[in-house]
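Colleague: Walk me through the fold, please. I will keep my questions short.

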Amino acid sequence: MKLCRLLCFVLTLPLHLMKITGLYGMYKRLFPLLAYNITFSYNDKMNQTKKDLFRNVSRFANTDGTLRLLEIGCGSGANFKFYPYGCTVTCTDPNPHFEKYLQMSMDANEHLTYDTFVVVSGEDMEGVQDESVDVVVCTLVLCSVRDVQRVLQEVRRILKTGGAFYFLEHVLSDPCSWTYFFQQVFEPLWYYLGDGCMITRTTWKDLEAADFSELHLKHIEAPEVTLMIRPHIMGYCIK
Ligand SMILES: C[S@@+](CC[C@H](N)C(=O)[O-])C[C@H]1O[C@@H](n2cnc3c(N)ncnc32)[C@H](O)[C@@H]1O
């Protein structure tokens, strides 16, 4: 396995060079278009899973019915249709080139009120006030962030006490599986194709260590999704 991974690493050397020389930056412009299109098929396959995931979001609304939701790494807004009627959504993503696709999703989801789109990394959301949101959402993002623990600290800081953090993330497979083998081998290539996406993360361990008062986490196999990203975790934590 190590030899195969090394071979894959060697084959991706031109991509490493592009990163070092700054040429890979061009992919940041192209990635939102790819992500926007891939989202349609991913959402089709994960429709029921996402419905199940977001089923109880309204439970975290305030007594006057308002609900402030902030999405980290919102990309093109793949989750909007699953959010409850009337909630106010703040979108954040470090890649400003998502804005055009985000706007299309906003136009298609008039049941929500949109606050701002903030270009910011999940590790450092200093513009967002402490204890200011009821719900935070991350889907397919913790695989790409530089520091998962730091993002989770930020989530805890901006969530109101009693608020919830919803997640749906692909993770490392069982070490006895072929999926695990392919994840290990192809990670160096996947990293570049997926704009920094790591397919061998054990994100459930970060969530367990993040000191939320409740953690509701399920391991699932995403139906019909590419083998390398089939093992997922889904659920929510309460601050
Ligand atoms: C695979 S896309 C997922 C987008 C969207 N959440 C979805 O479910 O379709 C990964 C997203 O994470 C964002 N991202 C990458 N690094 C990040 C970071 N450090 N903090 C927040 N978002 C990040 C990317 O810009 C991209 O929008």
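Modeller: Terms first. Two strands pair if DSSP finds at least two bridges between them. Helices (H or I, at least four residues) and strands (E, at least two) are DSSP runs, numbered from the N terminus. The model is predicted: local features need pLDDT of at least 70, side-chain atom pairs count only at pLDDT 80 or more, and totals for chains, interfaces and linings use all residues. Numbering starts from 1 along each chain as its sequence is written.

Colleague: In what order do the strands lie in the sheet?

Modeller: The sheet is open and holds 7 strands. Its pairing is mixed. Read across, the order is E3-E2-E1-E4-E5-E7-E6.

Colleague: Which strands stand at the edges?

Modeller: An edge strand here has a single partner strand, so one side of it is left without a neighbour in the sheet. Two strands fit, and E6 covers 214–221. The edges are E3 and E6.

Colleague: Take E2 and E3. Which residue of E3 stands opposite Thr88?

Modeller: E2 spans residues 88–92, and E3 spans residues 113–118. The two strands pair in the parallel sense over 4 bridges. Opposite Thr88 stands Thr113.

Colleague: Which helix does the chain pass through from E2 to E3?

Modeller: The crossover is a right-handed β-α-β one. Right-handed means that, with the strands pointing away from the viewer, the path from the first strand over the helix to the second runs clockwise. The helix covers residues 99–108. The chain crosses through H5.

Colleague: How many of the E2 residues are buried?

Modeller: A residue is buried if 20 or more other C-beta atoms lie within 10 Å of its own, exposed if 12 or fewer, and partly exposed in between; C-beta atoms are placed from the backbone. By that count E2 is mostly covered. Of its 5 residues, the number buried is 4.

Colleague: Which residue of E2 stands opposite Glu71?

Modeller: E1 (residues 68–72) and E2 are joined by 5 bridges. They run parallel. Glu71 faces Cys91.

Colleague: And which residue of E4 stands opposite Glu71?

Modeller: E4 covers residues 133–139. E1 and E4 pair in the parallel sense over 3 bridges. In E4, the residue opposite Glu71 is Val137.

Colleague: How many residues of E4 are buried?

Modeller: E4 is largely enclosed by the rest of the structure. The reason is its burial count, taken over 7 residues. The number buried is 7.

Colleague: Where E4 meets E5, which residues of E5 stand opposite Cys138 and Thr139?

Modeller: E4 and E5 run parallel, joined by 6 bridges. Cys138 is matched by Phe167. Thr139 is matched by Leu168.

Colleague: Which helix completes the β-α-β unit with E4 and E5?

Modeller: The unit is right-handed. Its helix spans residues 148–158. That helix is H6.

Colleague: Why is E5 described as largely enclosed by the rest of the structure?

Modeller: E5 runs over residues 159–170. The label rests on how many of its 12 residues are buried. E5 is largely enclosed because that number is 9.

Colleague: Which residues of E7 stand opposite Phe165 and His170?

Modeller: E5 and E7 (residues 231–238) pair in the antiparallel sense, over 7 bridges. Phe165 stands across from Cys237. His170 stands across from His232.

Colleague: Back to E3. Is Tyr114 buried or partly exposed?

Modeller: Tyr114 sits in E3. Its C-alpha atom is 9.8 Å from that of Leu69, 45 residues apart along the chain. Tyr114 has 17 C-beta neighbours inside 10 Å, so it counts as partly exposed.

Colleague: What is the phi of Asp195?

Modeller: Asp195 lies in the loop between H7 (178–193) and H8 (203–209). With 16 other C-beta atoms within 10 Å, Asp195 is partly exposed. Asp195 is not a glycine, yet its phi is positive, at about 55 degrees.

Colleague: And is Asp211 buried or exposed?

Modeller: Asp211 is in the loop between H8 and E6. Its phi is also positive, about 70 degrees, although Asp211 is not a glycine. It has 11 C-beta neighbours inside 10 Å, so Asp211 counts as exposed.

Colleague: Last one. Which residues are closest to the ligand?

Modeller: A residue is near a molecule or strand if its C-beta atom, placed from the backbone, lies within 6 Å of it. The ligand is surrounded by 21 residues. The closest are Gly73, Gly75, Ala78, Gly122 and Thr139.
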